[in-house]
Amino acid sequence: APVLTDVGLSKRAFRRGRSTTLRVTSSEAAKLTIRVTRRGAQRGTIVRDVRAGANRFALRARAGGRRLRPGRYRLTVVATDAAGNVSAPRRVLMRILRRSPT
């Protein structure tokens, strides 16, 4: 099964309309699935292909096409390789802040 290490965010708290960078290192090429939950309810899923080694991609206040409201969220990250083997889940917390008044 793939092994995920160095799973984290460049900013754990960011304003709506901005983004953060998710970084993850995978032991092999895989499909990364990120479940976004808030207060125990799933709010969306993001799926990305990753290569072996370090990977980075931007996350906005959206998940599965849905806009996320300000609040605290848990990201549960798992990787599935071509043979169907699934990694142990890794969890990261993030917080979306209200947009600052302009």
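A residue counts as buried when its relative accessible area is under 20%. This cut-off applies to the views below, which show a predicted model.

**Figure 1. Overview of the protein chain.** The predicted model contains 10 strands and zero helices. Followed along the sequence, the chain reads β-β-β-β-β-β-β-β-β-β. The radius of gyration is 14 Å, close to the 13 Å that the globule rule gives for 102 residues, so the protein chain is as compact as a globular protein of that length. The C-alpha trace spans about 50 × 25 × 20 Å along its principal axes. Of the 102 residues, 37% count as buried. Among contacts between residues at least 6 apart in sequence, 58% join residues at least 24 apart.

**Figure 2. The open sheet of three strands.** Strands β1, β3 and β6 form an open sheet in the order β1-β3-β6, and their pairing is antiparallel. The edges are formed by β1 (4-9) and β6 (53-60), each of which pairs on one side only. From one strand to the next, the twist averages 15°. Strand β3 comprises residues 19-26, and four bridges join it to β1 in the antiparallel sense. One position to locate in this view is T5, whose bridge partner in β3 is T25.

**Figure 3. The open sheet of five strands.** This open sheet has the order β2-β10-β9-β4-β5, with mixed pairing. Its edge strands are β2 (13-15) and β5, and each pairs on one side only. The twist here averages 30° from one strand to the next. Strands of a sheet pair through backbone hydrogen bonds, either parallel or antiparallel. Within this sheet, β9 and β10 are antiparallel and share seven bridges. Across that pair, Y73 stands opposite M94 in β10.

**Figure 4. Strand β4 and its two partners.** Strands β4 and β5 pair in the antiparallel sense over nine bridges. Together they form a hairpin with two residues between the strands. In the turn, R39 has a positive phi of about 55°. Two residue pairs can be followed between these strands: A30 stands opposite V50 in β5, and V36 has G44 as its bridge partner in β5. Strand β4 also runs antiparallel to β9, to which seven bridges join it. V36 takes part here as well, with L75 as its bridge partner in β9.

**Figure 5. The largest nonpolar core, with L32 in view.** The largest nonpolar core has 24 residues, and those with the most contacts inside it are L32, I34, L75 and M94. Two or more residues come from each of β1, β3, β4 (30-38), β5 (41-50), β6, β9 (71-80) and β10 (90-97). Leaving aside neighbours within four places in sequence, the contacts of L32 include L4, V24 and F57. L32 is also in contact with I46, V47, R48 and V50. The remaining residues in contact with L32 are V77, V78 and A79.

**Figure 6. The surroundings of N55.** N55 lies in strand β6. Its relative accessibility is 6%, so N55 counts as buried. The side chain of N55 reaches the backbone oxygen of R51 at 2.9 Å. Not counting residues up to four places away in sequence, N55 touches L22, R23, V24, S26 and V50.

**Figure 7. The surroundings of S26.** S26 belongs to strand β3. With a relative accessibility of 4%, S26 likewise counts as buried. Its side chain reaches the backbone oxygen of E28 at 2.6 Å. When residues up to four places away in sequence are not counted, S26 touches P2, V3 and L4, and also V50, R51, A52, G53 and N55. The contact with N55 links this view to Figure 6, where S26 is among the residues that N55 touches.

Conventions
Residues are numbered from 1 along each chain as its sequence is written. This is a predicted model: local features need pLDDT of at least 70, side-chain atom pairs count only at pLDDT 80 or more; totals for chains, interfaces and linings use all residues. Side-chain values use heavy atoms; hydrogens and water are left out. Two strands pair if DSSP finds at least two bridges between them. Axes are lines fitted to C-alpha atoms, for helices over the stretch in contact, and angles run from 0 to 180 degrees between N-to-C directions. A nonpolar core is a set of buried Ala, Val, Leu, Ile, Met, Phe, Trp, Tyr and Cys residues joined through side-chain atoms within 4.5 Å. Buried means under 20% relative accessible area, exposed over 50%, partly exposed in between (1.4 Å probe, protein chains only). Contact means heavy atoms within 4.5 Å. A polar contact is a pair of N or O atoms within 3.5 Å; within protein, one must be able to donate a hydrogen and the other to accept it, and residues adjacent in sequence count only if both atoms are side-chain atoms. The radius of gyration is taken over C-alpha atoms; the globule rule is 2.2 Å times the number of residues to the power 0.38.
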